[in-house]
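Visitor: I would like to see how the labels used for a model follow from its numbers. Could you walk me through some of them?

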Amino acid sequence: MQTHLTVTGFVVHGNRTVLRWHRKNQMWLPPGGHVDPDEDPLEALLREVKEETGLEVEVLPPRERFTGWDRPRQIPPPVTILVEEIPPIGEEPAHRHVDLIYFTRALGDTTLRPNPPDLDTRWVDEEEVRRNEGMAVGDCGPAIPLAADVRALALAAIARARELTAG
């Protein structure tokens, strides 16, 4: 089975995180996508979040940092790595994503500029994530709850951002 390297960024501002409706997978997901050739994961993460939301972000630092040298350069590690089995969709065959998950914080203007513009992309408040009663796409139709991993990681990202703000 073919394996793709991907990145995902849980973007936090205050007590909210960004979720997007993923048309192919029919679920709510944070921004992210494939790591392109000649990109490191951090470059891919910043590019994907900017392309999909219009937001500039910074990666929330890990709890432990290694110091004592200038070279080789370090980039922030992901908070976790998920292996996601992707079923065949249309002409696209089944494949696997090795997904590096990062927690990030929005910088500057937090106005969402989704790409494509008609894709439902929204700030979701912590209590809405916690209740997980679901969200309708475009505020119509059935309410679709979050997948367990998306919900748990969204809450953890919000908590980590709060911890850094308080500390």
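Visitor: Why is R113 called partly exposed?

Guide: Buried means under 20% relative accessible area, exposed means over 50%, and partly exposed is in between, with a 1.4 Å probe and protein chains only. R113 has 44% relative accessibility, so R113 counts as partly exposed. D109, at 42%, counts as partly exposed too. Please keep in mind that this is a predicted model, where local features need pLDDT of at least 70 and side-chain atom pairs count only at pLDDT 80 or more, while totals for chains, interfaces and linings use all residues. Residues are numbered from 1 along each chain as its sequence is written, and side-chain values use heavy atoms, with hydrogens and water left out.

Visitor: What makes R113 and D109 a salt bridge?

Guide: The term asks for a side-chain nitrogen of Lys or Arg within 4 Å of a carboxyl oxygen of Asp or Glu. The closest N and O atoms of R113 and D109 are 2.7 Å apart, and the pair forms a salt bridge. In the structure there are 18 salt bridges.

Visitor: How do you know that D118 and R23 form one?

Guide: Their closest N and O atoms are 3.1 Å apart, which fits the cut-off, and the pair forms a salt bridge. D118 sits in the loop between strand 7 (95-107) and strand 8 (121-125), and R23 in the loop between strand 2 (16-22) and strand 3 (27-29), so the bridge ties together parts that are 95 residues apart in sequence. The strands, like the helices, are DSSP runs numbered from the N terminus (helices H or I with at least four residues, strands E with at least two).

Visitor: Which label does each partner get, D118 and R23?

Guide: D118 has a relative accessible area of 59%, so D118 is exposed. R23, at 42%, counts as partly exposed.

Visitor: What makes T6 buried?

Guide: T6 has a relative accessible area of 4%, so T6 is buried. This residue lies in strand 1 (residues 3-13).

Visitor: Why is the pairing of T6 with D99 called a polar contact?

Guide: A polar contact is a pair of N or O atoms within 3.5 Å; within protein, one must be able to donate a hydrogen and the other to accept it, and residues adjacent in sequence count only if both atoms are side-chain atoms. The side chains of T6 and D99 make such a contact at 3.0 Å.
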